[in-house]
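Thanks for asking me to walk you through this one. Have a look at the sequence and the model first, and then we can go through it together.

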Amino acid sequence: MDFSGRLGGSHASGPRRDVDEFGRERRNRPHHRKPYERPTRGFRGGRPPMSGRAGPVDEAKEIESRLSSLIIKVGDKNTPTLQNNLDALSVVLEKDFTKHEETVLKTFRQCVLELPWKVTVYSTLAGLLNAKNSETGAKVVGLMHAVLCRELSAGNWGSVKVLVRFFALLVDANAISATTLLAMLDVFLKPVVSDDGSETVVSAQNSCYVFIVASALLWGGRALKQHAPEELAVRLQTIEQYVQRHSELNQDNTLAAVFHDAQPKGTNILAYQLGVLREVAETEWNIDAVFVPNGMFASELGQATQHDLPAFELPTGLRSDSYYTPCEFLQLVPSPAELVVRRYVLQDLIADTISQLEGNRKDCAKYLMQVHGLCGEDVCSVMTTAQHPEDVDPETSLVFEYMMVEVLFTSLMQLPEGPYREMYYSSLAIELRKAEPQILANVFETAVENIVARISSFDIECINRLSNWLAVYLGNFGFQWDWTKWEGAAEEAENSPRRRFVEETLLKLIRLSYLDRIKAQLPESCLLLVPPKTPAHNFKFTVQSMDERTREVSVAMGRCLKNKGTADQAMEILQTHYSQWSDVDEDTRQGLAREMLVEHVLLLGSKTFSHMLNAIEKFMPALQRFGESPEAKLQIAQVVEDFWLKNPQFCAITIDKLVNYRVIDPATVVTMLFDTSHVGRWCMFHLWEILRNTVNKVNMRVVQLQGRLIAAQTAANAIVVDDAEPSESQQKPQGESVEHVEAVLEQMLLEQKDVVVLTTQRFVQLLSSSDGTADELDRAWLMGRFKEFMRSYRVQIVANSQALETQVFTADASQDTRQVFENTRVLST
């Protein structure tokens, strides 16, 4: 049995070899081999005679496969046989450990990391192995410590959290001492307090560390209360002081709040987590949400040998946005307030499962449906196993399916940014619904409807994310949805949040399908929310709208492009015709020629994306010649926007390609987007899609150049200079020079700074002026996009804060824009 295919393999970055791009297990069959890898063709069809086909079974591999399967499957459910299963498995593993050590340790490591909801089972199993053979226990504990150090170095904070929780449970399993665990936790808590101990240091790094320690104390608190109560109280006090200081600094900071009508609690879960810790402490640290098998083996575990852990160091030099502290779980359906601990514990395990199995959505969906397996019958209700799921009421009991969907949406909506790409959550939801079509379809629908009911207080960026998620989700299930519940949106203002959400979702569905099919799904009252005709271009030079001499130029250009003319031939036609227009000045003639060229190039490529790319590439020399000045570049961008006024998707793609080919620059795109002609239309999603793509492209170029600089410096340092005459091979160029890459990087950093400062300046100017927005709703949309921009690019904002203070946030800037700027700096600390 190939364990890596089951659980998604290593967490290392880069493509995984054990699964394909869709997360499916690769099949290792002979006909998939390359020709030179195939068996020798000594027999007909490449096979030996029937009598010789069945060779001896590799007994070692069979045993390893069986051992892996046993480790993976143990504890899937809290059954009466769990105690016997764990005891029997520990006997088998201890017996075969010396022969199959590598397989056992590898499987154990992957189970702990990738099946976090069974961490209580695997900590008990580690304790039993240690009790039966201290050398085996030492190897297991040592392996997991080495994995912890590796994950720390890589900055994989989700895995670090799972591993520290595992070590906390090892104290109760008597594999390590309470003192050893406290020393580990102190490593994380050391940066939280200043060197002289007089001050609590709040930062993104320390918030991440406090979150990890608090998660571990939730599970290790009972053992620490028994063996080191005073030391436990000290660590709790440190956490309380940090949370208090963090809450003070983030009291009015709603920059990362998903719902703006909720009480602000900063940017993470720390205050909520501390409340859970206090409630668990009042019950002597007993957690009844998940079964912990240690108690069944108390006498055996009590005689085991405890192991020490080597010291380790925290990583240094990481950016503030590389640390991970999740936000508080969204509550989208009502649940009993007295069950807050059970709710948090289960949702935390669900969140860890989603995080750790991110590389394989199918396995993730499969194991998510098993997370409740170690829960008691009275802990939560499970609709998929209930005889009458329609009778399950989330107001009177915890419902597992609703909690699972709440965690999924929490991760999707996490601000400042989610831990994974948005498509992961869409594909995971699709797999979950395929597993339980009827029940989870209703659960997802209820969750979305509850969000939309509060959409007026929903963050603008989160509205965008929800729209993207819903479009992909519905596109995989025949676009079926109860649209009658939202038919009232057609009667609302065009820029109201609910109407805008529904319209943008329908536009995305049209992209994924076609207009007539989506219309067929809608009630008549919702037809106003979709375009009356299929999105098309808006070509300016039609016969009816031109005078005679403009018609001559347009017809000549049309014939030239239709007959596969070149860029030079197009330029010659424009020069010949417009040079005869003596009644206008040279600048006007150039502007008219530029507009004519761009319109016809866009028309030539208007069939498909491929046609568009080919047209731009073919006439790129002419476009670049016409776009040498900033004014000319701006005109090209505005012509593109007007041409694709009715097709936002083509507009965004065309702008993106023109930036790629340097026909226009990022500053041009920013100027075009913030033109006053867009006042009253700040609610249009595609405007901000274009802005986000443009800024991301600039940042990506900076990152690429930084990588090239490191490569060039490495190559330069590797050159050994000899006193002797260099050989011919040494005289060859050794790649690009460090000086050249540094010069290009410096120029790109200046461009990045200009784009960040210019974009922020345009936002502030419009928000600080009464003419920048049409009404309160229009301003709310623009302010929401301003917050999105500031938190998304907070690293660049802080890096250029001095320029922003002197050039943008002057006395003319409104107070709320200045507050967003200050909140961004707090968020980035």
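Here are some numbered points, going from the whole chain down to single residues.

1. A word on what you are looking at: this is a predicted model, so please read every value below as computed from that model.

2. Let us begin with the chain as a whole. The secondary structure comes to 35 helices and zero strands. Along the principal axes, the C-alpha atoms fill a box of roughly 105 × 75 × 65 Å. The radius of gyration is 31 Å, which agrees with the value near 28 Å that a compact globule of 829 residues would have.

3. Next, the inside of the chain. Buried residues make up 52% of the 829 residues. If you take contacts between residues at least 6 apart in sequence, 75% of them join residues at least 24 apart.

4. Which residues touch the most other members of the largest nonpolar core? They are F188, F409, L432, F458, W469, Y473 and I655, in a core of 264 residues. Helix α10 (residues 204–227) gives the most to this core, with 13 residues. F409 is a good place to zoom in: leaving out residues up to four places away in sequence, F409 touches L330, L332, F444, A447, V448, I451, L466 and W469. W469 therefore appears both in that list of F409 partners and among the core residues with the most touching members.

5. Helix α23 (residues 567–578) makes a nice worked example. Its 12 residues should span 16 Å at 1.5 Å a residue, and the end C-alpha atoms are 17 Å apart, which agrees. The buried residues of α23 are A567, A570, M571, I573, L574, H577 and Y578. These buried residues lie on the same side of α23, because they cover an arc of only 160° around the axis. The background is simple: an α-helix has 3.6 residues a turn, so residues three or four places apart point the same way.

6. What do the two faces of α23 look out on? The buried residues of α23 pack against α22 (548–562), α24 (586–604), α25 (609–618) and α26 (620–626). On the face turned away from the buried side sit the exposed residues D568, E572 and Q575.

7. Now the cysteines. How many disulfides does the count come to? The count is zero. C111 is in no disulfide, and the nearest cysteine sulfur, that of C364, is 16 Å away. C111 counts as buried, because its relative accessibility is 0%. For C526, the closest cysteine sulfur is in C683, and at 18 Å that is too far for a bond, as a disulfide needs the sulfur atoms within 2.5 Å. C526 is buried too, with a relative accessible area of 2%.

8. Two aspartates are worth a visit. Is D352 buried or exposed? With 5% relative accessibility, D352 counts as buried. D352 lies in helix α14 (residues 340–356) and, leaving aside neighbours within four places in sequence, is in contact with P116, K161, V162 and R165. The C-alpha atoms of D352 and E279 are separated by 22 Å, with their positions 73 residues apart along the chain. D642, in helix α27 (residues 630–643), is partly exposed, with a relative accessible area of 43%. D642 and H537 are 105 residues apart in sequence, and their C-alpha atoms are 8.7 Å apart in space.

9. Finally, some backbone details to check by eye. Most residues other than glycine have a negative phi, and most peptide bonds are trans. A cis peptide bond joins L415 and P416, with omega about 10°; P416 is in the loop between α16 (400–412) and α17 (422–435). F479 is not a glycine, yet has a positive phi of about 60°. F479 lies in the loop between α19 (460–475) and α20 (497–512) and is buried, with a relative accessible area of 4%. R662 also has a positive phi, near 60°. R662 lies in the loop between α28 (648–660) and α29 (666–673) and is partly exposed, at 37% relative accessible area.

Conventions
Residues are numbered from 1 along each chain as its sequence is written. This is a predicted model: local features need pLDDT of at least 70, side-chain atom pairs count only at pLDDT 80 or more; totals for chains, interfaces and linings use all residues. Side-chain values use heavy atoms; hydrogens and water are left out. Helices (H or I, at least four residues) and strands (E, at least two) are DSSP runs, numbered from the N terminus. Buried means under 20% relative accessible area, exposed over 50%, partly exposed in between (1.4 Å probe, protein chains only). A nonpolar core is a set of buried Ala, Val, Leu, Ile, Met, Phe, Trp, Tyr and Cys residues joined through side-chain atoms within 4.5 Å. Contact means heavy atoms within 4.5 Å. The expected span of a helix is 1.5 Å times one less than its number of residues. The arc is that of the directions from the helix axis to the C-beta atoms. The radius of gyration is taken over C-alpha atoms; the globule rule is 2.2 Å times the number of residues to the power 0.38.
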